[in-house]
Amino acid sequence: MQFKGEYITLKELSVDYFDDYIAMFSPLVKRLLHVTSDSCERTYLEHCLSEHRERRQFFFCIFDNQNNQLIGAIGLRLPQDSRGQLGSWINEKYWGNNRYQESLKLLTDAYFERSGVDVITANIYADNQRSYKAHKKFGFIDIATINGPHGKQYVLVYKRK
């Protein structure tokens, strides 16, 4: 399964993408997401792949349409399985070119259509203002502020239109 937009294509997570994923998972992105090592992220990917296959997660890699390069990832966990459903990142070389907005649109449209869920949540660290602003631009609204594992987080909600 894949979803193609003007700028990016979302492709289902596959073990074939793990090495490219890790290669594009830059030190800056790791710092913003509080990831300590590539081996931790690889273990997380294995878990996500298992969850995706069991339909407990909706997880896709983001590919740039110009060069078919993996540039990030985006996924949604089931509401009851996580404090924040949405998890995502894009390599900083691809920030600011509508790729993330399009990723959110493709993912949320497909997820709402297939899941029957009408609301998704995202927890974003207060020190990641770029991510916070991108989600607000897309239409997420603030509902709370909480103390997350690595500091203050905004809890955002996006409702099906």
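The lining of the largest pocket in this predicted model is made up of 22 nonpolar, 17 polar and 10 charged residues. The pocket that these residues surround has a volume of about 1,200 Å³. Of its 49 lining residues, those closest to the centre are Leu-33, Leu-86, Gly-87, Ser-88 and Trp-89, and a reader who wishes to find the pocket in the structure can begin from them.

Around that centre, the elements that each give two or more residues to the lining include the helices α2 (27-33), α3 (38-53), α4 (99-115) and α5 (129-138), together with the strands β3 (57-64), β4 (70-77), β5 (86-90) and β6 (119-125). Among these contributors, α5 provides the largest share of the lining, namely six residues.

From here the reader can turn to the second largest pocket, which has a volume of about 260 Å³. This second pocket is lined by 13 residues, and the closest to its centre are Arg-55, Gln-57, Phe-58, Tyr-111 and Arg-114. Two or more residues of the lining come from each of α3, β3 and α4, elements that also appear in the list for the largest pocket. In the second largest pocket it is α4 that gives the most to the lining, with three residues, whereas in the largest pocket that place belongs to α5. Sorted by class, the lining of the second largest pocket holds five nonpolar, three polar and five charged residues.

Conventions:
Residues are numbered from 1 along each chain as its sequence is written. This is a predicted model: local features need pLDDT of at least 70, side-chain atom pairs count only at pLDDT 80 or more; totals for chains, interfaces and linings use all residues. Side-chain values use heavy atoms; hydrogens and water are left out. On a 1 Å grid over the protein atoms alone, a cavity is a set of points where a 1.4 Å probe fits but cannot get out, and a pocket is an open set with protein on both sides within 12 Å along at least five of seven lines; lining residues have an atom within 4 Å of a point. Grid points are joined across faces, edges and corners, and a volume is the space filled by probe spheres set on the points. Helices (H or I, at least four residues) and strands (E, at least two) are DSSP runs, numbered from the N terminus. Ala, Val, Leu, Ile, Met, Phe, Trp, Tyr, Cys and Pro count as nonpolar, Asp, Glu, Lys and Arg as charged, and the others, Gly among them, as polar.
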